[in-house]
Amino acid sequence: MSINPKPQSSLLTFILLLLLTSAAYSSSNHPGSDEESDDLEQLLAVDEQLQQDLPLHHQQSEAETVSRAQRIVLELSGDNARRVVGGNEFVMVLGYAPWCARSADLMPKFSEAATALKEIGSPVVMAKIDGDRYGKVASEMEIKGFPTLLLFVNGTSKAYTGGFSAEEIVIWVQKKTGAPIVTVNTVDEAQRFLKKYHTFVVGLFNKFEGSEYNEFVKAAKSDDEIQFVETSDSEVAKLLFPEIKTSDVFIGMVKTEAERYTSYAGSYKMENILEFLSKNKFPLITKLSESNTAWVYSSPVKLQVMIFAKADDFQNMAQPLENFARRFKSKLMFIYIDITNENLAMPFLTLFGIEHANKTVVAAFDNKLNSKYLLESDPSPTNIEDFCSGLADGTIPQYYRSEPVPDNENASIVTVVGKTFDELVLNSQENVLLEVHTPWCVNCEAMSKQVVKLAKHFKGFENLVFARIDASTNEHAKLQVNDYPTILLYKSGEKEKPLKISTKLSAKDMAVFINEELKPRGGSAKDEL
């Protein structure tokens, strides 16, 4: 018998995608020596090559970033890595490989973060190492993939768990090195803060003391993703959060999207503040990327509506989708996936039997219940709204894949698909012997030959139908099989509890088993093949 994973489930595939996309990411300023500068020049050549592929209007800002990297980011080598990591309290290291596309994407963001951290006086040394060239040193630093981000605190590494924009890197580093909250006292400081941070939590406190403030500080230290800012000036608070309606203690969240300002209305306890952040940190519609799958999966809202569409088509749908997301907030999470990005879209779409798609698809996954749903009608705003309402109310039936209904006329072995499982197996008045197989199963072909022999042997046997189903392309709520091939005998009147026949049995032994189960009392067995 060949043991194989059961047909991909939504949760399993999401976790697999999560692992594949996030495993590559794990995570003051010293000028280098002449030798280190030579190494840096080699890295800059990689960055400059990357620039050549960028649109012209991006090249100036990227060139400025590279220039800053030359002054700020230290290039590690086999000679200086141990000395730098062991000789500084905080060292943030980017392990990269010149051939790695994700490394190339992260390098300018890392350089931008290094510049921002220097400007605010951070003591963190920002460094990078070519893990391909200096493999031994990289291995000693526990760099196991590319890119990898690690923070070394007094020589001990801490895995990076933040996001991968420059702003997210800065926030994470600041929080891990003793500065979880930015204090803003004046309007000028607030204006400068707004130029640097786009998503943040603001706290207004008359005095930076007391139980409410202490809970705010604990929440800031516990959260790794969002910048916290505090002020005791109501005018400053109004600039940071224009919709504030009090001069008393206040907490609010600011985001750069349609739902920009969200006030906190819970009790001032760390756990409640963090729960508020986890429910409100996401945009109304989150665009899935290779680097944010872990972040998306961390959402406490496990029922997730996914819109697979081309960029232009999505823009035409954006406004009604934002309205739906606002209406179903805390019940449904809305995620947009560019359908032209096959690496992102197809692992999900294949769960619905969709191998090629060039039109908008609306689907949903419940990562808590391990179930999936599909909008099978036209994805118009009205139909999407009805689909979302049904999801929120629990009235939308789960989706199960099925091949088209085949023609079984004169077939000695009936082909069952997802759509006909009820009719041909569960609701049939006859006994049904069902062979469950998959294309990837190494032992299924041999078992199919055994079933063909049995079907010929039992031809004309009263009330016995032989059938088979391809579990890789057909699903049913009551067909839960974990290994292939599987042989199930559904006895008439006992369809809810099918008998599993061992695939280790010979055809003759299977025939004996079938006869014993199906022959009338006092009847004769037909067990000789």
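A residue is counted as buried when its relative accessible area is under 20%. By this cut-off, buried residues account for 49% of the 529 residues in the protein, which is described here from a predicted model. The fold comprises 18 helices and 20 strands. The exposed surface amounts to about 25700 Å², with 48% of that area supplied by carbon and sulfur atoms.

One disulfide is present in the structure. The bond joins Cys-441 to Cys-444, and the two sulfur atoms lie 2.3 Å apart. The link between Cys-441 and Cys-444 is right-handed, with 100° about the S-S bond. Both partners fall under the cut-off for burial: Cys-444 has a relative accessible area of 5% and is therefore buried, and Cys-441 is likewise classed as buried because its relative accessibility is 7%. Two further cysteines were examined in the same terms. Cys-100 has a relative accessibility of 8%, so this residue counts as buried. Cys-388 has a relative accessible area of 0% and is therefore buried.

Helix α7 spans residues 166–176 and is mostly covered, with nine of its 11 residues buried. At the start of the helix, the buried set includes Ala-166 and Glu-167. Ile-169, Val-170, Ile-171, Trp-172 and Val-173 also belong to the buried residues of α7, as do Gln-174 and Lys-175. Just after α7, the backbone at Gly-178 adopts a positive phi of about 100°.

Helix α7 also contributes to a pocket. The second largest pocket encloses about 430 Å³ of space. Two or more lining residues come from each of the elements α5 (101–119), α7 and α8 (187–196). The largest contribution to the lining is that of α5, which gives six residues. In total, 16 residues line this pocket, and those nearest its centre are Glu-112, Ala-116, Ala-166, Glu-167 and Lys-196. Of these central residues, Ala-166 and Glu-167 are also among the buried residues of α7.

By class, the lining of the second largest pocket consists of seven charged, six nonpolar and three polar residues. The lining draws on two domains, with at least three residues from domain 1 (63–172) and at least three from domain 2 (180–279).

Technical notes: Residues are numbered from 1 along each chain as its sequence is written. This is a predicted model: local features need pLDDT of at least 70, side-chain atom pairs count only at pLDDT 80 or more; totals for chains, interfaces and linings use all residues. Side-chain values use heavy atoms; hydrogens and water are left out. Buried means under 20% relative accessible area, exposed over 50%, partly exposed in between (1.4 Å probe, protein chains only). Helices (H or I, at least four residues) and strands (E, at least two) are DSSP runs, numbered from the N terminus. A disulfide is a pair of cysteine sulfur atoms within 2.5 Å. Accessible areas come from the Shrake-Rupley method with a 1.4 Å probe; for residues, only the protein chains shown count as cover. On a 1 Å grid over the protein atoms alone, a cavity is a set of points where a 1.4 Å probe fits but cannot get out, and a pocket is an open set with protein on both sides within 12 Å along at least five of seven lines; lining residues have an atom within 4 Å of a point. Grid points are joined across faces, edges and corners, and a volume is the space filled by probe spheres set on the points. Ala, Val, Leu, Ile, Met, Phe, Trp, Tyr, Cys and Pro count as nonpolar, Asp, Glu, Lys and Arg as charged, and the others, Gly among them, as polar. Domain bounds come from an automatic or database domain assignment.
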